[in-house]
Amino acid sequence: MWGVMYVSSFLPNLDAWVKRQKEVLESFKKAEKRLKNADRLDLIVLSRAAFQHMIKTLSAFDQWLQEPFVISHMPKEMLEDVWRTISKLLYELLELDIRHTSGFKEYVEKLAREGKLNPILVSPKEMPRRSLQTTI
C-alpha cells in the first residue's frame, strides 16, 4: 500500500516537471527566433538564462540519479540513453569552453597590443585585474 501512495504523490511531480520543461523549451525557441536582431546585451542575457536553466536541469538530473526509487526502477536502456546524451553534451560543452576561452585570450591579447583595452578595467602594469578561475 505504501508504494501506491508514494507513486501517486510522485507521478504528479513528474508531470509538472515535464510540463514546465516544455514551457521553458518553447520560450527559448521563441527567444532564439529574435536573435537575428539581437545586440550584445540580448545575447548575454539569453546565454546567461540558458546557462542558469541548464545548471538547474543538470542539478535536478543529478538529484534524480541519486533518488533510490528512481535508480532502483530505471531500466538499463534509459540509463544508456542518458549516458549517450550527456556524453555528447559534455564533449560539446568542453569543446565550446576550450574554443571560447582560447579565442577570447587571443582577442584580448590583440586588443592589448593595439592599446584598445578599456583603461578602467586594466592597469598599465597588468592585463585584466580580475582573475578568471575555473572550478577544476
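Is Phe 69 buried, partly exposed or exposed? Phe 69 is partly exposed, as its relative accessible area is 25%. The tour returns to this residue after a look at the model as a whole.

**Confidence**

The model is predicted. Colour the protein by pLDDT: the average is 90, and 86% of the residues score at least 70. Among the elements, select helix H4 (residues 76-113) for the highest mean pLDDT, 97, and helix H1 (residues 2-33) for the lowest, 88. Where pLDDT is low, the predicted coordinates should not be read in detail.

**The aromatic rings**

Next, display the rings of Phe, Tyr and Trp. The protein has 2 aromatic pairs. Select Phe 10 and Trp 64: the ring centres are 6.2 Å apart and the planes stand at 10 degrees, an angle under the 30 degrees required, so this pair is stacked. Because Phe 10 belongs to helix H1 and Trp 64 to helix H2, the pair ties together parts that are 54 residues apart in sequence. Phe 10 counts as buried, with a relative accessibility of 14%, whereas Trp 64 is partly exposed at 28%.

Keep Phe 10 selected and add Phe 69. These two residues form an edge-to-face pair, with 5.2 Å from centre to centre and 70 degrees between the planes. Phe 69 lies in helix H3 (residues 68-73) and Phe 10 in helix H1, so this pair joins parts that are 59 residues apart in sequence. With Phe 10, Trp 64 and Phe 69 shown together, the view contains a cluster linked by ring pairs.

**His 53**

Move to helix H2 (residues 40-64) and select His 53, which lies within this helix. With a relative accessible area of 17%, under the 20% cut-off, His 53 is buried. Which residues does His 53 touch, leaving aside those up to four places away in sequence? Display Gln 21, Val 24 and Phe 28 to see these contacts.

**The nonpolar patch**

Finally, switch to a surface representation and select Trp 83, Ile 86, Leu 89, Leu 90, Tyr 91, Leu 94 and Ile 98. Together these residues form a nonpolar patch on the surface, with about 700 Å² of accessible area. Within this selection, centre the view on Leu 90, a residue of helix H4. Leu 90 has a relative accessible area of 37% and is therefore partly exposed.

Definitions and conventions
Residues are numbered from 1 along each chain as its sequence is written. This is a predicted model: local features need pLDDT of at least 70, side-chain atom pairs count only at pLDDT 80 or more; totals for chains, interfaces and linings use all residues. Side-chain values use heavy atoms; hydrogens and water are left out. Helices (H or I, at least four residues) and strands (E, at least two) are DSSP runs, numbered from the N terminus. Buried means under 20% relative accessible area, exposed over 50%, partly exposed in between (1.4 Å probe, protein chains only). Contact means heavy atoms within 4.5 Å. pLDDT is the predictor's confidence in each residue, from 0 to 100. Rings of Phe, Tyr and Trp (its six-membered ring) pair if their centres lie within 6.5 Å; planes under 30 degrees apart count as stacked, over 60 as edge-to-face and the rest as tilted. Patches are made of residues with over 30% relative accessible area and no salt bridge: like charges are joined within 9 Å, nonpolar side chains (Val, Leu, Ile, Met, Phe, Trp, Tyr) within 5 Å. Accessible areas come from the Shrake-Rupley method with a 1.4 Å probe; for residues, only the protein chains shown count as cover. A salt bridge is a side-chain nitrogen of Lys or Arg within 4 Å of a carboxyl oxygen of Asp or Glu.
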